[in-house]
Amino acid sequence: MKKVYIQTLGCQMNEYDSQRALGLLAAEQYLPTEDPQEADLIFLNTCTVREKPEQKVYSHLGEFQSIKKGRPEVILAVAGCVAQQEGEELLKRVPYLDLVIGTHNLHQLPRLVQEIQESGERRAVTDFHKDVDSRFLNLVSDRLPNPISSFLTIMEGCDKFCAFCVVPYVRGRELSRPAEKIIEEVEQRVEQGVKEITLLGQNVNSYGKKGETSLRFVDLLRRIDAIPKLERIRFTSSYPRDFDEEQMSCFRDLSKLCEHLHLPVQSGSNRILEKMRRKHSREDYLEKIERFRELCPEAAISTDLIVGFPGETEQDFQDTLSLVEQIQFDSSFCFQYSSRPETPAASYEEQVPEEVKKERLQILLELQNQVTRDRLEKKIGAVGEVLVERVTPKQEGWVRGRLRTNEWVHLQGTASWIGKKVNVVIEEALGHSFRGKEVESDLKRRTVCF
């Protein structure tokens with residue numbers, strides 16, 4: 001048996017693609033290893049949405065250089081968004097790299113590895129494909145990193161072309177996966193013991209809008225909600241303009257859809273939103289959040305925020321801070337603007353100085369952390385349903401799992417609890433999670449943690 005070491009950088013979709021790679025390689029008699037020193041194939045799955053994860057790619061490749069030098073027969077491959085973006089240039093920059101495989105070509109991985117082994121010829125394969133069957137192989141490794149909660153990509157690519165975003169250039173245009181294949185894979189995951197499925201897409205709630213599949217997004221949610229033995233459904237990420245009332249109602253009406261919405265807003269300034277080409281205003285976003293909370297008041301809401309976008313003034317930044325205060329997000333992923341190749345914003349004038357971006361990011365993080373702490377404190381004493389996912393590392397006799405509203409809860413328990421739903425009273429709010437204990441409770445379907 002040969003061994004493969006896989007390292008994944010970036011988003012949940014990359015994690016899912018790495019599982020697909022394991023499934024493909026398992027058919028070629030590869031077993032996964034956690035030690036790159038003993039691998040026959042080293043597979044680095046990469047992200048280029050921001051500059052920092054892209055820089056990590058070259059750092060990791062430098063770490064693998066000594067392995068390649070000592071064992072030249074080892075195949076070193078780079079996949080994902082950096083591979084798609086750089087292509088042949090990556091081979092030139094890293095002379096000991098064997099394979100660059102783009103985002104639409106993962107299905108070719110076993111064949112390309114074999115060809116390199118036989119010929120010794122280095123390869124870069126980054127063509128875009130419209131072939132749905134190749135893009136969405138129903139082949140994921142049985143060796144799931146989390147046997148309780150699993151990711152599943154239902155669509156790829158993006159048609160929005162926001163000024164800051166590289167996704168359309170490295171993932172291509174929107175393409176929805178056939179609904180029948182999605183249902184089949186969910187059922188397969190459930191048979192493996194998975195209790196929770198997270199549906200993934202760059203703009204997951206625009207699924208099926210081009211008419212290339214038999215179901216709309218809300219219809220797909222309803223079909224998945226009816227699958228026996230599946231206990232929870234989540235999805236990410238949503239695009240505000242595509243998030244409509246029918247989708248909002250699913251949070252109220254579908255018993256398995258968890259009460260957590262991730263809806264990226266990016267900025268609180270209308271002027272910056274227009275420059276970003278986001279196609280929604282601050283007022284549009286606030287209206288959607290207000291209506292969503294009317295339909296599902298117990299839901300948690302998270303978002304993405306960018307500071308330091310080209311031309312962002314102090315007033316624009318204050319508009320973002322005021323939006324955070326007004327909406328009271330349960331959590332936010334906050335980033336300072338990072339120029340990305342090919343994107344329109346990379347050529348915008350009025351680039352904000354790095355020191356200003358860093359200062360604004362710190363102010364935003366401090367505000368969001370305080371909002372998060374306040375919202376967590378309000379849940380002390382409440383009872384919620386926790387799906388236990390894993391044993392807590394380095395803390396014997398403790399496990400952790402998530403509420404339906406997506407917060408982590410640490411509680412005393414054993415490994416036998418993994419996969420079990422436990423009613424928990426919240427006793428203490430930690431930085432971004434809780435400590436609680438199991439209680440006897442006749443909870444209704446909803447997790448009421450307010």
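Residues 445–450 are a good place to begin with some care: pLDDT (the predictor's confidence in each residue, from 0 to 100) stays under 50 there, and the model has 30 contacts (heavy atoms within 4.5 Å) beyond four places in sequence for this stretch. Where pLDDT is low, the predicted coordinates should not be read in detail. The chain as a whole has a mean pLDDT of 93, with 96% of its residues at 70 or more. This is a predicted model, in which local features need pLDDT of at least 70 and side-chain atom pairs count only at pLDDT 80 or more, while totals for chains, interfaces and linings use all residues. Residues are numbered from 1 along each chain as its sequence is written, and side-chain values use heavy atoms, leaving out hydrogens and water.

Charged side chains come next. The whole structure holds 40 salt bridges, each a side-chain nitrogen of Lys or Arg within 4 Å of a carboxyl oxygen of Asp or Glu. One salt bridge links Asp17 with Arg20, whose closest N and O atoms are 3.2 Å apart. These two residues are separated by about one helical turn because Asp17 and Arg20 stand 3 residues apart in helix α1 (residues 12–26); helices here are DSSP runs of H or I with at least four residues, and strands are runs of E with at least two, numbered from the N terminus.

Two backbone features also stand out. Most residues other than glycine have a negative phi, and most peptide bonds are trans. Thr236 and Ser237, however, are joined by a cis peptide bond with omega about -5°, and Ser237 sits in the loop between β11 (232–236) and α10 (245–253). Arg277, not a glycine, has a positive phi of about 65°; Arg277 is found in the loop between α11 (270–276) and α12.
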